[in-house]
Amino acid sequence: MPNLTFYIDAGQMPSEECLAGLSRDCIKLCTGILEAQLKNVHVIYINVQPGQGHPVFAEIRYRLEVFRTPAVMNRFMTALDNTIAHHTGLAARIRCFGYAASNIYARN
């Protein structure tokens, strides 16, 4: 963890080049601000047909850690919001979900 999933309006999907830049910056944010190990960072893009709301919905799932305080998460979300706008030109709704290690069951 963290896993970043971007649900993007299919009609406004940015170019592969823009998404590659967004991925690079998201990885930097996760390994920098969230102190995640590179092998645990996943970035996923999903085309959607939106019914209502922002053209981008970003969902971040991460493991709760003592160093991931509300201030750290706020700094992360601000930086992520700026990064999304920079690479896509789109407004995003961002939601972060933290999970205690004891509540995560995973493979690979």
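In this predicted model, Asp-9 belongs to strand β1, which covers residues 3–9. Although Asp-9 is buried, it takes part in no salt bridge, and the nearest side chain of opposite charge, that of Arg-93, lies 14 Å away. Side chains of opposite charge can pair when their charged atoms come close. The side chain of Asp-9 does, however, reach the backbone nitrogen of Gly-11, at a distance of 2.8 Å. Apart from residues up to four places away in sequence, Asp-9 touches Val-48, Pro-50 and Pro-55.

Strand β1 is one part of a fold that contains two helices and four strands, and these elements follow the pattern β-α-β-β-α-β when they are read along the sequence. The overall dimensions of the protein can be described in two ways. The C-alpha trace spans about 40 × 25 × 25 Å along its principal axes, and the radius of gyration is 14 Å, which agrees with the value near 13 Å for a compact globule because the chain has 108 residues. Of these 108 residues, 35% count as buried, while the protein exposes about 6,600 Å², of which carbon and sulfur atoms supply 50%. Among the contacts with a separation of 6 or more, 81% are accounted for by residues that stand 24 or more positions apart.

The count of salt bridges in the model comes to one. This salt bridge is formed by Glu-59 and Arg-61, whose closest N and O atoms are 3.1 Å apart, and the pair therefore falls within the limit of 4 Å that is used for a salt bridge. The two side chains also make a polar contact, again at 3.1 Å. Glu-59 lies in strand β3 and has a relative accessible area of 13%, so it counts as buried, since the limit for burial is under 20%. Its partner Arg-61, by contrast, is partly exposed, with a relative accessible area of 29%. Beyond its neighbours up to four places away in sequence, Glu-59 touches Asn-3, Leu-4, Thr-5, Tyr-7, Arg-95 and Phe-97.

A second arginine, Arg-68, is placed in the loop between β3 (56–63) and α2 (70–88). With a relative accessible area of 9%, Arg-68 is buried, and its side chain reaches the backbone oxygen of Leu-34 at 2.8 Å. When neighbours within four places in sequence are left aside, Arg-68 is in contact with Leu-34, Glu-35, Ala-36, Tyr-62, Arg-63 and Met-73. One of these residues, Ala-36, is 32 residues away from Arg-68 along the chain, and the C-alpha atoms of the two are separated by 10 Å.

Glu-35, which is also among the contacts of Arg-68, is placed in the loop between α1 (16–32) and β2 (42–48). Most residues other than glycine have a negative phi. Glu-35, although it is not a glycine, has a positive phi of about 60°.

Helix α2 supplies two further residues for description, Phe-76 and Asp-81. Phe-76 is buried, with a relative accessible area of 0%, whereas Asp-81 is partly exposed, with a relative accessible area of 35%. The contacts of Phe-76, not counting residues up to four places away in sequence, are with Leu-4, Leu-29, Cys-30, Ile-33, Leu-34 and Ile-60. Leu-34 thus appears in the contact list of Phe-76 as well as in that of Arg-68, and Leu-4 appears in the list of Phe-76 as well as in that of Glu-59. For Asp-81, under the exclusion of residues up to four places away in sequence, the residues touched are Ala-92 and Ile-94.

Distances to Pro-14 can be given for both of these helix residues. Phe-76 and Pro-14 are 62 residues apart in sequence and 22 Å apart in space, taken from C-alpha to C-alpha. Asp-81 and Pro-14 are 67 residues apart along the chain, and their C-alpha atoms are separated by 16 Å.

Technical notes:
Residues are numbered from 1 along each chain as its sequence is written. This is a predicted model: local features need pLDDT of at least 70, side-chain atom pairs count only at pLDDT 80 or more; totals for chains, interfaces and linings use all residues. Side-chain values use heavy atoms; hydrogens and water are left out. Buried means under 20% relative accessible area, exposed over 50%, partly exposed in between (1.4 Å probe, protein chains only). Lys and Arg count as positive and Asp and Glu as negative; His and the chain ends are not counted. A polar contact is a pair of N or O atoms within 3.5 Å; within protein, one must be able to donate a hydrogen and the other to accept it, and residues adjacent in sequence count only if both atoms are side-chain atoms. Contact means heavy atoms within 4.5 Å. The radius of gyration is taken over C-alpha atoms; the globule rule is 2.2 Å times the number of residues to the power 0.38. Accessible areas come from the Shrake-Rupley method with a 1.4 Å probe; for residues, only the protein chains shown count as cover.
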